[in-house]
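The report below takes up strand pairing, pockets and one buried position in turn.

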Amino acid sequence: MAVPGTDIDGLQATLGSLRLGAVDSAGVAWRLQTLDGWDSPEVRSDFQERESDHGAWASPVYLGSRPLTLGGVIEAPDRGTLQAAMDQLSAAISLTDTTLTVWEQPPKQVTVRRSGKPLMQYTSDRVATWSALVTAADPRRYETTQQTGTTGLPSTTGGLTFPVTFPAAFSATTVSGQIIATNVGSIGTRPVITITGPVSAPGVSALYPDGSVRQLLYSLDLAVGDSLVIDVDAHSVLLNGSVSRRRFLTVSGGWPAIPGASPNGTPTVVAFQFQAAAYNPTAQLTVAWRSAWM
């Protein structure tokens, strides 16, 4: 008899609030036997044959979406409980964004939506097989724990003055007003950057170990209580959660991502430097990110 609250040997995952690979409070054993697509997403590439020559011209290679097929067996104490469990599964495979977490080491998560018809088949009055197809539009597998860093403006800017003339240069003496970010995963991750006012013409610069700098410069001021959220992945800039301010943001050197670790596992360190046209002790910069894997 399955004991409620216990894990089942094999694969374990959580789809929304539904725990797979465990026994729930109703005594239903959710066995997860298939997780196809978790090992790698799709790949988008193109090869154009060379005219009058050997070989082909290769296009850049990008990761596509990540289709995932989950499947297993539901074992319930009785037929009524089994029917309720099948309804629960159908609801969990949502048409809207749902978090799928796979409990490996370290645990990782993706955001998925239903992309195929759920298949459920009775094998007895207490047991049914099931299969579901979901797709993650973002192929990265993210660390379940979000990392964040918060800082105020530096009391000195280390030589960077506004207005900025591109390309900008940083003095090696800039040591304050920074957030240090690392990514222990295998692919670059894209942070969400939040600037809280009051602050005049704020800027955020990502400093990389090779000496390169990527800058985001906002041309307007933020009043007391204003919050500007810059989503690096979506390339969006929202003021107070609803008003687009993308046209007032200058991106120099590209949108700042946090690269994955080196082949030997050493994470890349990126320093996010907070800048402004004038010093204000109450202005704040927050950077939030998750390590990411292919």
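Five strands make up an open sheet in the order β16-β24-β18-β19-β23, with antiparallel pairing. Strands here are DSSP runs of E with at least two residues, numbered from the N terminus, and two of them pair if DSSP finds at least two bridges between them. The edges of this sheet are β16 (178-183) and β23 (249-252), each of which pairs on one side only. Direction ignored, neighbouring strands of the sheet are turned by 15° against each other on average, where the axes are lines fitted to C-alpha atoms and angles run from 0 to 180 degrees between N-to-C directions. Within the sheet, strand β18 (residues 203-207) is joined to strand β24 (residues 268-275) by five bridges in the antiparallel sense, and S205 stands opposite Q273 in β24.

The model is predicted, so that local features need pLDDT of at least 70 and side-chain atom pairs count only at pLDDT 80 or more, while totals for chains, interfaces and linings use all residues. Residues are numbered from 1 along each chain as its sequence is written, and side-chain values use heavy atoms, with hydrogens and water left out.

Another set of pairings runs through β4, β9 and β13, and the table lists antiparallel pairs together with one bridge partner pair for each.

| Strand pair | Bridges | Opposed residues |
|---|---|---|
| β3 (residues 22-23) and β4 (residues 29-36) | two | V23 and A29 |
| β4 and β9 | seven | R31 and V73 |
| β9 (residues 66-75) and β13 (residues 127-136) | ten | L70 and A132 |
| β11 and β13 | two | R113 and T135 |
| β12 (residues 119-122) and β13 | four | Q121 and T129 |

Hairpins occur at two of these places. Four residues lie in the hairpin that joins β12 to β13, whereas the hairpin of β3 and β4 has five residues between the strands, and there G27 takes a positive phi near 85°.

Turning to open space, a pocket is an open set of points on a 1 Å grid over the protein atoms alone, where a 1.4 Å probe fits and protein lies on both sides within 12 Å along at least five of seven lines; its lining residues have an atom within 4 Å of a point. The largest pocket has a volume of about 440 Å³, a volume being the space filled by probe spheres set on the grid points, which are joined across faces, edges and corners. Of the 18 residues that line this pocket, T111, D138, Y142, D233 and R290 lie nearest its centre. The elements that contribute two or more residues to the lining are β11 (108-114) and β25 (284-289), and β11 gives the most, with three residues. By class, the lining has seven nonpolar, five polar and six charged residues, where Ala, Val, Leu, Ile, Met, Phe, Trp, Tyr, Cys and Pro count as nonpolar, Asp, Glu, Lys and Arg as charged, and the others, Gly among them, as polar.

The second largest pocket holds about 220 Å³ of space. Its lining includes R44, Y62, G64, D138, R190 and D233, and by class consists of five nonpolar, two polar and five charged residues.

Finally, is T101 buried or exposed? T101, which sits in strand β10 (residues 98-102), is buried because its relative accessible area is 9%, and buried means under 20% with a 1.4 Å probe and protein chains only. Leaving aside neighbours within four places in sequence, T101 is in contact (heavy atoms within 4.5 Å) with Q12, A13, T14, K108, Q109 and T144.

Methods
Buried means under 20% relative accessible area, exposed over 50%, partly exposed in between (1.4 Å probe, protein chains only).
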